[in-house]
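Trainee: I should like to learn how to read the features of a protein model in a systematic way. May we work through one together?

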Amino acid sequence: MQYKYETHTHTSEVSKCSKITAEELVRFYKICGFSGICITDHFLNGNTIVPHELQWAERIELFCLGYEKAYTEGKRVGIEVYFGWEYSYLGTDFLTYGLGKKWLLDHPDLLSLSVNEYCDLVHESGGFIVHAHPFCEADYISMIRLFPRKVDAIEVLNACRSDFQNKCADEYADNYNLLKVAGSDNHKGRLDRLCGIQLKKRLKCVNDMINAIKNGNTDIIEIKSIIDEPESSR
């Protein structure tokens, strides 16, 4: 049996650009046969709805809301939900896994760090960093920035990026001998295709996922999405 996991999603509770609630997102992936998903909302230095004028602890509480709602719904419908976030630096995005809400609360100076200092701190704390869609091009991105010495893996297949951009990411990973991950970057649920990782063993936690990626026990997958949600599953 193969177990499918989504590594890159956004909830409307936290990410300003998302059009789907945490509960809807979880139900959609359950219908599509996934065993688990990672909630990776845009962090406080990205496209977030969390007000910047609040105190750090208040901002983190609001930031974690999407994940917490998804986790509760995951327990109800029977799908694993893992916590992560998408840290941004001038349009360059880093999916961060393996660290929790308490770690964020304990680091109120996080946004004052340089991008290199951020990556070093995450690694010192046992976290795992994936460079998301490294060759993404957009009006708000002035240049493509690569950090091969600061990340653990590359998102080489992203459902919302072009084949050319994904091919560049795959070649980048090969050139630097970096681990490969795939994700949908899902902001709306019903995408035409979904990307993620697949393995033969069910994961127990996010650290289990990290170890599986590090040990080469995951395969990259791309599947056709289920566009229409059956009424009985709502």
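Trainee: How many helices and strands does the protein have?

Mentor: The model is a predicted one. The protein has seven helices and nine strands.

Trainee: How does the radius of gyration of the protein stand against that of a compact globule?

Mentor: The idea is to set the value against what the chain length would give. A compact globule of 234 residues would have a radius of gyration near 17 Å, and the protein has 17 Å, so the two agree. Along the principal axes, the C-alpha atoms fill a box of roughly 50 × 40 × 35 Å.

Trainee: What share of the residues is buried, and what does the surface consist of?

Mentor: Of the 234 residues, 53% are buried. The exposed area is about 10,900 Å², of which carbon and sulfur atoms supply 48%. One may also examine sequence separation: of the contacts between residues at least 6 apart in sequence, 71% join residues at least 24 apart.

Trainee: How many salt bridges does a search of the whole structure find, and which residues form a network?

Mentor: The search finds eleven salt bridges. One of them pairs E73 with R27, with 3.3 Å between the closest N and O atoms. This pair links distant parts of the chain, since E73 belongs to helix 3 (residues 65–77) and R27 to helix 1 (residues 22–31), 46 residues apart. E73 counts as buried because its relative accessibility is 8%. The network of salt bridges comprises R27, E73 and R76.

Trainee: Which residues form salt bridges with K180?

Mentor: D170 forms one with K180, the closest N and O atoms being 2.8 Å apart. Here D170 is in helix 6 (residues 163–175) and K180 in strand 7 (residues 179–183), ten residues apart. K180 also forms a salt bridge with D174, again with closest N and O atoms 2.8 Å apart. As for exposure, D170 counts as partly exposed at 26% relative accessibility. K180 is partly exposed with a relative accessible area of 28%, and D174 is partly exposed at 47%.

Trainee: Is R145 buried or exposed, and what is the nearest side chain of opposite charge?

Mentor: For a charged residue, one should look at its burial and its partners together. R145 is buried yet has no salt bridge; D93, the nearest side chain of opposite charge, is 9.6 Å away. A salt bridge would require a distance within 4 Å.

Trainee: Which backbone oxygens does the side chain of R145 reach?

Mentor: The side chain of R145 reaches the backbone oxygen of L90 at 3.2 Å and that of M143 at 3.4 Å. R145 itself lies in the loop between strand 5 (128–132) and strand 6 (153–158). Beyond its neighbours within four places in sequence, R145 is in contact with Y89, L90, T92 and H131.

Trainee: How should one read the pattern of buried residues in a helix, and which residues of helix 7 are buried?

Mentor: An α-helix has 3.6 residues a turn, so residues three or four places apart point the same way. In helix 7 (residues 206–214), the buried residues are V206, D208, M209, I210, A212 and I213.

Trainee: Which strands do the buried residues of helix 7 pack against?

Mentor: They pack against strand 2 (36–42), strand 3 (80–89), strand 4 (92–97), strand 5, strand 7 and strand 8 (193–199). Helix 7 is followed by G216, whose phi is positive, near 70 degrees.

Trainee: Where are H133 and N177 found, and what are their phi values?

Mentor: When phi is positive, one should check whether the residue is a glycine. H133 is a residue other than glycine, and its phi is positive, near 30 degrees. H133 is found in the loop between strand 5 and strand 6, which is also the loop that holds R145. N177 is not a glycine either, yet has a positive phi of about 55 degrees. N177 lies in the loop between helix 6 and strand 7.

Trainee: Is each of these two residues buried or exposed?

Mentor: H133 is buried, with a relative accessible area of 8%, whereas N177 is exposed, with a relative accessible area of 72%.

Methods:
Residues numbered from 1 in each chain as written. Predicted model: local features only at pLDDT ≥ 70, side-chain atom pairs only at ≥ 80, totals over all residues. Heavy atoms only, no water. Helix = DSSP H or I, 4+ residues; strand = E, 2+ residues; numbered from the N terminus. Buried < 20%, exposed > 50% of the residue type's maximum accessible area, 1.4 Å probe, protein only. Lys, Arg positive; Asp, Glu negative; His and termini not counted. Polar contact = N/O pair within 3.5 Å; in protein donor to acceptor, adjacent residues only side chain to side chain. Contact = heavy atoms within 4.5 Å. Rg over C-alpha atoms; globule rule 2.2 N^0.38 Å. Areas by Shrake-Rupley, 256 points an atom, 1.4 Å probe, with all protein chains shown as cover.
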